[in-house]
Amino acid sequence: MREHPGDLLSARLDGELAPDAEAAVDEHVAACAACRRDLDALARTRTLLRGLPQVEAPPDLLRRQVDVRHRSSRRGATVALVAAGVAVALGMVVADPPADGGGPVTQSLTSDAPQGGTPGSPRSPDTVGTFSAPATASPATTAGDGGQAGEGGPSLADRLDEAAARLLDLLGG
Amino acid sequence: MVRRRSPRRTGDAPPGDVPTWEEVARRHGDFVYTVAYRLTGDHHDAQDLVQEVLLRVQRGLATYRPGSMEAWLGRITTNAFLDDVRRRRRRPLVALPDDPDRMVPSSPAVDEALAADVLPDDVNDALQALPDDYRATVVLCDVVGLRYEEIAAALAVPVGTVRSRIHRGRVLLRRALA
C-alpha cells in the first residue's frame with residue numbers, strides 16, 4: 001500500500017479489516033513513521049474512550065419510571081371501577097321509583113338489557129316501563145314494528161303496555 | 001394465582017430469555033444512562049433520553065430477540081438520541097473537511113500530549129464537541145461495543161460510512177485532547 005491508510009487505521013485497531021487489507025495496512029505502517037505515530041495516537045484515544053467509567057443513573061429515575069408504569073396499569077382498573085360506580089349511581093337515579101324499595105343496583109345492572117329487564121327481576125311494570133321505553137325504540141327490539149314506526153310508531157303508552165306484557169310473560173313463565 | 005411474569009416470544013426462545021421490563025430497567029439502567037450521558041453530555045438531557053428509551057423498550061420488549069441485551073439497548077438509545085436531534089436540530093451537523101487527518105499535526109509532541117492522565121471529564125467534553133452523527137457512531141463502537149456491521153444496521157448507513165465516522169471522530173478527539 002503506497003498511499004496512507006487513512007480511516008483504515010481505526011478499522012485496523014478495531015479488527016474490522018479483511019486479512020489481505022490488514023496485511024497491506026501493516027506493511028505500510030511498518031514503513032511509514034507518520035502512520036505509526038497516527039496509529040499509536042488513535043490507539044490511545046480509543047483506550048481513553050473505552051475506559052470511560054459507567055455513570056450511575058439517578059436512583060429515583062428508574063424507580064419513577066417503574067412507578068409510572070405501575071400507576072398506569074392500575075389506572076385502567078381504577079377507571080373501570082369508577083365508571084362502574086357512575087353507571088350504578090346513574091341507574092339508581094334514573095331507576096329509583098318512589099314505590100320501589102327493591103334493589104336499585106339490580107335494576108341499574110339490567111338497564112342495558114334490550115328488553116328492559118331480566119327474568120326474575122322483582123319490579124313493578126311501571127319501573128320496567130321506564131327502562132324499556134328507549135329500548136323498544138331500537139331496531140333490534142322493534143323489528144316487527146318497523147313499518148309502524150315509520151308511520152309514527154306506537155305511542156309511548158302502547159310501548160309501556162307492551163313492555164309490561166313482556167315482563168309479565170317472563171315472570172309468569 | 002398464576003401471574004404472567006414477562007412478555008414471551010413465541011418460537012425458538014427458551015423460557016427466561018426475555019426479561020420483564022422492570023428487570024431491564026433495574027439490571028441495565030446504569031448502562032442505558034451511561035450511553036445516554038455519553039451521547040447528550042448533560043445529566044438532565046440524559047434523564048429525558050432514558051425516559052424515552054424505557055418507553056421504547058416497554059413497547060418493543062415483546063419483539064426482543066435473545067442476544068446481547070446491552071447491544072439492543074444501545075441501539076435503541078442511540079436511535080432515540082438521533083431522532084431527538086433531528087427533531088430539534090439543536091446542534092446542526094458541522095461540515096468537515098474531506099480529510100481530517102490533515103488537520104492533525106502528526107508529531108511526537110502531540111502524541112506525548114495525549115497522555116494517560118487525561119481525565120474522563122476531558123474525554124467526555126471532547127466527545128460532546130463531535131458532530132452528533134460522529135458521536136453516535138463512536139459511542140456505539142467504543143461505549144456500547146458494537147461491530148461495524150451492527151452499527152451500520154442500527155444507523156441504516158453503509159459500513160464504509162461507519163468506518164469513516166469512527167476514524168474521523170477519533171481523529172477529532174485526539175486533536176481536542178492534545
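Okay, let's start with B:Ala156, which sits in the loop between helix H7 (148-155) and helix H8 (159-177) of chain B. Keep in mind that everything here comes from a predicted model. What is the phi of B:Ala156? The value is near 60°, so to speak on the positive side, and this residue is not a glycine. For background, most residues other than glycine have a negative phi. And is B:Ala156 buried or exposed? With a relative accessible area of 67%, B:Ala156 is exposed, because the cut-off for that word is over 50%.

Now let's zoom out to the two chains. Chain A has eight helices and zero strands, and chain B also comes to eight helices and zero strands. If you read chain A from the N terminus, you get α-α-α-α-α-α-α-α. Chain B, read along its sequence, gives α-α-α-α-α-α-α-α.

The numbers for each chain go like this. Chain A has 173 residues, and buried residues make up 30% of them. In chain B there are 178 residues, and 49% of those count as buried. For surface, chain A comes to about 10100 Å², with 59% belonging to carbon and sulfur atoms. Chain B exposes about 8800 Å², and there carbon and sulfur atoms supply 49%.

You can also ask how far along the sequence the contacts reach. Take contacts between residues at least 6 apart: in chain A, 46% of them join residues at least 24 apart. Do that for chain B and the figure is 70%.

Right, on to where the chains meet. On the chain A side, 34 residues are in contact with 42 residues of chain B. The area buried between them is about 3700 Å², and carbon and sulfur atoms give 59% of that. How many salt bridges does the rule find across the interface of chain A and chain B? There are five. Between the two chains we also count 13 residue pairs in polar contact. Which elements of chain A give two or more residues to the side that touches chain B? Those are helix H1 (8-13), helix H3 (33-50) and helix H4 (59-95). The largest share comes from H3(A), with 11 residues. If you sort that side of chain A by class, you find 16 nonpolar, seven polar and 11 charged residues.

Let me show you one of those bridges. The side chains of A:Asp38 and B:Arg174 meet in a salt bridge, 3.0 Å from N to O. That pair crosses between chains, going from helix H8 of chain B, where B:Arg174 is, to helix H3 of chain A, where A:Asp38 is. Both partners are buried, B:Arg174 as well as A:Asp38.

Over all chains, by the way, the salt bridge count comes to 18. Two more of them are worth a look on the screen, and helix H6 of chain B takes part in each. In one, B:Arg135 pairs with B:Asp132, and the closest N and O atoms are 2.6 Å apart. Why is the separation about one helical turn? Because B:Arg135 and B:Asp132 are three residues apart in helix H6 of chain B. B:Arg135 is at 1% relative accessibility, so it counts as buried. B:Asp132 is at 2%, so that one counts as buried too.

In the other, B:Asp133 and B:Arg165 meet at 4.0 Å, N to O. B:Asp133 lies in helix H6 and B:Arg165 in helix H8 of chain B, so this pair ties together parts that are 32 residues apart in sequence. B:Asp133 counts as buried at 17% relative accessibility, and B:Arg165 does at 16%; the cut-off is under 20%.

Then there's a whole network. Salt bridges that share partners join A:Asp14, A:Arg46, A:Arg50, B:Asp142 and B:Arg170.

Let's finish on one member, B:Asp142. You'll find B:Asp142 in helix H6 (residues 132-144) of chain B. At 5% relative accessibility, B:Asp142 counts as buried. What does B:Asp142 touch, not counting residues up to four places away in sequence? The contacts are A:Arg46, A:Leu49, A:Arg50 and B:Arg170. With B:Arg170 there's a side-chain polar contact of 2.9 Å. And compare B:Ile166: 24 residues from B:Asp142 in sequence, with the C-alpha atoms 9.2 Å apart in space.

How values were computed:
Residues are numbered from 1 along each chain as its sequence is written. Chains are lettered from A and ligands numbered from 1 in the order in which they are written. This is a predicted model: local features need pLDDT of at least 70, side-chain atom pairs count only at pLDDT 80 or more; totals for chains, interfaces and linings use all residues. Side-chain values use heavy atoms; hydrogens and water are left out. Contact means heavy atoms within 4.5 Å. Buried area is the accessible area (1.4 Å probe) that two parts lose on being put together, summed over both. A polar contact is a pair of N or O atoms within 3.5 Å; within protein, one must be able to donate a hydrogen and the other to accept it, and residues adjacent in sequence count only if both atoms are side-chain atoms. Helices (H or I, at least four residues) and strands (E, at least two) are DSSP runs, numbered from the N terminus. Ala, Val, Leu, Ile, Met, Phe, Trp, Tyr, Cys and Pro count as nonpolar, Asp, Glu, Lys and Arg as charged, and the others, Gly among them, as polar. Buried means under 20% relative accessible area, exposed over 50%, partly exposed in between (1.4 Å probe, protein chains only). Accessible areas come from the Shrake-Rupley method with a 1.4 Å probe; for residues, only the protein chains shown count as cover.
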